[in-house]
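Here are my notes from a pass through this one, jotted down as numbered points. Have the viewer open while you read.

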Amino acid sequence: MATIRVQSAPFDTAAELAALTAGRTDVGGIGCFLGLVRSSAASDPVLALTLEHYPGMTERALEHIAAQAEARWSLQACTLIHRVGRLLPGDPIVLVLTASPHRQAALDATAFLIDWLKTAAPFWKQEELASGTIRWVEARTTDTDAAARWSETQPPIEC
Amino acid sequence: MAQLLYFAWLRERMGRSTEHLPLPPGIDTVGALMSWLHARDPGAFAHPTVIRAAVNQSFATPATPIADTDEIAFFPPVTGG
């Protein structure tokens with residue numbers, strides 16, 4: 001059963017890692033993806049990012065994605081946390097953790113989860129730029145392609 | 001009465017995040033409702049092919065059936081993560 005949270009408050013990655021393995025000694029490895037709000041060296045850098053979401057559907061979508069990962073890989077635990085509201089460059093925005101007896105399942109499930117989270121959960125990003133421009137981020141086809149690759153490949157062999 | 005929800009730039013263009021709408025006669029799919037909304041609010045629904053939908057909090061296609069008790073959401077392609 002995955003731990004799923006959508007929240008405006010920051011999360012503590014170390015505490016989430018500890019919670020994932022609390023009271024058990026059968027975990028062999030943890031896969032981790034920590035996403036940060038990114039600015040850039042472009043002429044009009046991002047000053048802030050505001051995340052909007054669809055309350056209710058977001059949690060359902062994340063539960064559905066986690067259930068798919070749990071059906072595909074032998075996971076012992078899984079955590080998905082996504083922040084909403086106004087965030088600044090450098091702020092943690094998303095955390096994916098997976099625990100498994102073996103590294104390959106943990107690493108692959110983590111990549112699967114973040115790829116699908118970006119394309120199949122109802123979040124929308126709005127950027128505030130240094131010039132004062134405020135714009136909605138457009139979906140990228142590279143994200144869709146990244147998610148689609150999981151449909152084309154066979155489940156990895158347990159190691 | 002159906003509850004309609006709008007998100008992100010579609011919410012801004014509609015000037016509201018939600019509305020209650022008795023489904024007009026013959027409007028029984030997501031696609032039919034989008035065409036009806038496009039006719040009513042041509043500015044907001046100016047690019048209907050990029051607008052996504054969900055019915056009762058599940059992703060939907062233009063062919064997805066809708067009823068007068070449904071929660072129907074319209075939004076741009078998602079950009080989380």
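The points below go from confidence to strands, then the chain contact, the core and one helix.

1. First, keep in mind that this is a predicted model. Chain A looks good on paper: its pLDDT averages 92, and 95% of its residues score at least 70. The stretch to treat separately is residues 154–159 of chain A, where pLDDT stays under 50. For that stretch the model has 9 contacts beyond four places in sequence.

2. On to the strands of chain A. Strand E3 (residues 46–53) runs antiparallel to strand E7 (residues 123–129), and 7 bridges join the two. If you want a spot to check the register, A:Leu51 stands opposite A:Lys125 in E7(A).

3. E3(A) has another partner to look at: strand E5 (residues 85–87) of chain A, paired with E3(A) in the antiparallel sense over 3 bridges. Here the register can be read from A:Thr50, which sits opposite A:Arg86 in E5(A). As background, side chains in a regular strand alternate between the two faces of the sheet.

4. Now the contact between the chains. Chain A puts in 20 residues and chain B 13 residues. On the chain A side, helix H2 (57–72), helix H3 (103–120) and E7 each supply at least two residues. H3(A) gives the most, with 4 residues. By type, the chain A side that touches chain B splits into 12 nonpolar, 4 polar and 4 charged residues.

5. What sits at the heart of the largest nonpolar core? Of its 52 residues, A:Ile65, A:Ala69, A:Leu113 and B:Phe7 touch the most other members. H3(A) gives the most to this core, with 8 residues. As a general rule, nonpolar side chains in soluble globular proteins tend to be buried together.

6. A:Leu113 deserves a click of its own. Leaving out residues up to four places away in sequence, A:Leu113 touches A:Ile65, A:Ala69, A:Leu80, A:Val96 and A:Thr98. Two of the core residues named above, A:Ile65 and A:Ala69, are in that list.

7. Last, chain B. Which residues of helix H2 (residues 30–40) of chain B are buried? They are B:Val30, B:Leu33 and B:Leu37. Viewed down the axis of H2(B), these buried residues fall within an arc of 65°, so they line one face of the helix. That fits the usual picture: an α-helix has 3.6 residues a turn, so residues three or four places apart point the same way. The cover over the buried residues of H2(B) includes strand E3 (52–55), strand E4 (58–60) and strand E5 (71–75) of chain B.

Notes: Residues numbered from 1 in each chain as written. Chains lettered and ligands numbered in written order. Predicted model: local features only at pLDDT ≥ 70, side-chain atom pairs only at ≥ 80, totals over all residues. Pairing = 2+ DSSP bridges. Contact = placed C-beta atoms within 7 Å. Nonpolar A, V, L, I, M, F, W, Y, C, P; charged D, E, K, R; others polar. pLDDT = per-residue confidence, 0-100. Core = buried A, V, L, I, M, F, W, Y, C linked by C-beta atoms within 7 Å. Buried ≥ 20, exposed ≤ 12 C-beta atoms within 10 Å, placed from the backbone. Arc of directions from axis to C-beta.
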